[in-house]
Every structure is written in C-alpha cells, then in structure tokens.
Amino acid sequence: VNAGSHDAPAAWPGLAHFLEHLLFLGTERFAAHDNLMAYVQRHGGQVNARTSERHTDFFFELPAAAFEEGLERLCDMLAHPRLSLDDQLREREVLHAEFIAWARDPSAQREQALLQPLNPAHALRAFHAGNRYSLPVPRPGFQYALQDFYQQFYQAGQMSLSLVGPLPLAELNALAERHATVFRQCPPVPQANPVALMSNAQPHYQHEDPQHLNLVFTFEQLPQAYNAALAFLCHWLNADKPGSLLDQLRQQQVISRLNASVLYAFDGQALLQVEVFAPADKALDATHIREMFDSWLAFFSAQDDWSSLRQAFHLLQQRQQQVSPALTLARRDCE
C-alpha cells in the first residue's frame, strides 16, 4: 500500500502503524479464529506486515493448495475492516507494549541519535511508533482521521498485489483479478513531497560512540534509477575482497567490520549510512577511517570503465533472483 507513517496526520503519531495492526483483527466474513493470521498459522505458513515511512506491506506464504483461501482472507481484511472501538482500545495496549520495548532497545536509541542532525521539519525526525497517549481512540477527531486515512489510501489505485508460486502465470493472474475486485476503484493519491533532509548545505555528517562510527550521506533530487545506483555502491563498499576498503582497514587493525546500507529513500531523496565497528578492546580512530573512506570513494568515482563492476553486480542480482524464496521475490516485485 503506497502509504506509510510519514503520510499519516502529524497530529496523531503512529496512526498508520495502528491501522496496520487493526486490519488483522478479523472481519464480518472471517472472524478472529478464521482470519488470515489464524488460517496461515493453521497451515504452517508465515504471515506478517510492516509499516515503513512511505509504504505499508502485508505478506504471507502458504502451501499452494491453501493459497487461494489465504489470498481471499488478505483481500477481505484490507477491503472490509471492522475498526470497532473495542478492537481499537485493546490493540492500542498492544502497540503501547511494543512502544515500551522499542524505547528501551539500544539499537532504536542509537538510530534516534543518528537522525538528530537531520532537518527538524523532516518526518524522519518525528515520532511514528504510536502509544497509548498519541492514539486517543475515543476522540471524534482521531476517529475521523483514522477513517479518512483508510479511505484515502486503502483502495485499488494505491495498492500493488504480487503473487509468486509454482502455478502458471495465467492462473496467478486469474487469482489476482478474481480477489482484487473487492477493492474500491479510485485513482492514485499523490503522496506529499518531503522537505529537505538537511536544514543547512552540509550533505553529510558523522555520529560516533566508542564502538561505532556512522558516516551519513544525504541526497536530494536523485535521478530515476537511484535505488539501483545506491545498491551498486553499497555492494562494492561492503565487498570483503583483497584490496577492498574493508580489507585495507582490517589489515590496519582499525575496524572489525563495515556495513553500508540505505536507511531511507523516497521521491529522489536518500539517506546512506556507512556503519563501522571497532575491533575488540579498541577505540575507533574516526579521523583515519574517514580519510581512508574518502580516498576509496575518490578512487572508485574516478574509474573510467565500470563495465566489469556492473557485470559482476548484474550476475549477483541474477543469482539472487534464482535462489530467493517466493516471499522475497514478491517483496522485490512490489518494490
């Protein structure tokens, strides 16, 4: 669903995540004991959902013989949620428990600290987890916002459905067309453009503690293929081969490992993180690591023929496509 936590009204933090939870609580047609979650668990499959910044994903995996009834339940729960007040009050307590666990998680605390230098007006700096106090269920204004968010985004023009399995393509198409008719037919809703990632002209910054160094790079107005370009860059940054950045820094015994990843990407904006981990019982030399990183980046960008690197990356992607399970392929297809 092309709507996530950054699309929800700022007055009600966590509303998008809250709605994701509510949709799993059963419908008039499929009560809680026979809804998607119960059905998938009964057939030994897996099911989950995730609310991201600008999209919300619902996914399940089932044996082929049980697949159509699972799809029927998925579409029904997205198209005909109950959203009753009793359900909302109970589920809000589940969200509040999640919030408490999240707030105490050291990795979540590090991520919050990592995002502090960003523009305070950008949604990445806002609170989106949701808790007992940000979700005032009995208030009419909150109920109006919840229904409006659902009506605006949970419709056919805002959704993608991907089916992957050992069935002929024509049969998968027929399944999709048969069960997707339950969704309202509406045009796509433009998602609001985000503000600049940084409030100053500085396109990068670093955050460090004794065991971690994070180099963070912000990008604006990237060209259309930026997701592939960033994946290409991260692959070669993470390469553990002789002569690589990781190999050089390890040989100098200044780091134990390195991980480059994209923290956020939407509408030509991206946030790239290079996380460096200290070796055992040693503090990081941030200045030296940054100098080595800048040197590697200058070398990499100066290459006049990337054809061999692109070919190697292409072959790796092909191999991943061949060996990935169905659920991974479905997620990749929607992306």
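**E69**

I started with E69, which counts as partly exposed at 41% relative accessibility. My cut-offs, with a 1.4 Å probe and protein chains only: buried is under 20% relative accessible area, exposed is over 50%, and partly exposed is in between. E69 lies in helix 3 (residues 67-79). Helices (H or I, at least four residues) and strands (E, at least two) are DSSP runs, numbered from the N terminus. I also checked E69 against H207: they are 138 residues apart along the chain, and their C-alpha atoms are separated by 49 Å.

**Ground rules**

This is a predicted model, so I noted that local features need pLDDT of at least 70, that side-chain atom pairs count only at pLDDT 80 or more, and that totals for chains, interfaces and linings use all residues. Residues are numbered from 1 along each chain as its sequence is written, and side-chain values use heavy atoms, with hydrogens and water left out.

**Whole chain**

I counted 12 helices and 6 strands in the chain. The C-alpha trace spans about 65 × 50 × 40 Å along its principal axes. Of the 335 residues, 44% count as buried. For contacts (heavy atoms within 4.5 Å), I looked at those with a separation of 6 or more: residues 24 or more positions apart account for 72% of them.

**Helix 1**

How many residues of helix 1 are buried? I get 8 of 8 for helix 1 (residues 15-22), so I wrote it down as mostly covered. The buried residues of helix 1 pack against strand 1, strand 2, helix 4 and helix 6 (140-153).

I then took the pair with helix 6. The axes of helix 1 and helix 6 are 11 Å apart, and the packing angle is about 75°. That makes helix 1 roughly perpendicular to helix 6. For the record, axes are lines fitted to C-alpha atoms, for helices over the stretch in contact, and angles run from 0 to 180 degrees between N-to-C directions. Angles under 35 degrees count as roughly parallel, over 145 as roughly antiparallel, 65 to 115 as roughly perpendicular, and the rest as oblique. On the helix 1 side I listed L15, A16, F18, L19 and L22, and on the helix 6 side F142, A145, L146, F149 and Y150. This contact of helix 1 with helix 6 has 10 nonpolar residues, no polar and no charged. In this scheme Ala, Val, Leu, Ile, Met, Phe, Trp, Tyr, Cys and Pro are nonpolar, Asp, Glu, Lys and Arg are charged, and the others, Gly among them, are polar.

**Helix 8 on helix 11**

At what angle do the axes of helix 8 and helix 11 cross? I read roughly 100° for helix 8 (residues 226-238) and helix 11, with the axes coming within 11 Å. Helix 8 and helix 11 are therefore roughly perpendicular to each other. Helix 8 brings A228, A231, F232, H235 and W236 to the contact, while helix 11 brings L309, R310, A312, F313 and L316. By class I have 8 nonpolar, 1 polar and 1 charged residues in the contact of helix 8 with helix 11.

**Aromatics**

I found 17 aromatic pairs in the structure. Rings of Phe, Tyr and Trp (its six-membered ring) pair if their centres lie within 6.5 Å; planes under 30 degrees apart are stacked, over 60 edge-to-face, and the rest tilted. F99 and W102 are one tilted pair, at 6.1 Å centre to centre with 35° between the planes. Both lie in helix 4 (residues 85-104), 3 residues apart, about one turn of the helix. W102 is partly exposed, with a relative accessible area of 33%.

F232 and F300 have ring centres 6.2 Å apart and planes at 40°, so this pair is tilted too. Here the pair links distant parts of the chain, with F232 in helix 8 and F300 in helix 10 (residues 286-301), 68 residues apart. F232 and F300 are both buried. They belong to one aromatic cluster with W236, W296, W306 and F313.

**Helix 12**

Which residues of helix 12 (residues 326-334) are buried? I have L327, L329 and A330. They cover an arc of only 160° around the axis (taken from the directions from the helix axis to the C-beta atoms), which puts them on the same side of helix 12. They pack against strand 1 (46-51), strand 2 (56-61) and helix 11 (307-323).

**Positive phi**

Last, backbone angles. Most residues other than glycine have a negative phi. Q221 has a positive phi near 55°; it is found in the loop between strand 4 (212-219) and helix 8 and counts as exposed at 77% relative accessibility. Q253 has a positive phi of about 60°. Q253 is found in the loop between helix 9 (245-251) and strand 5 (257-266), and at 55% relative accessibility it counts as exposed.
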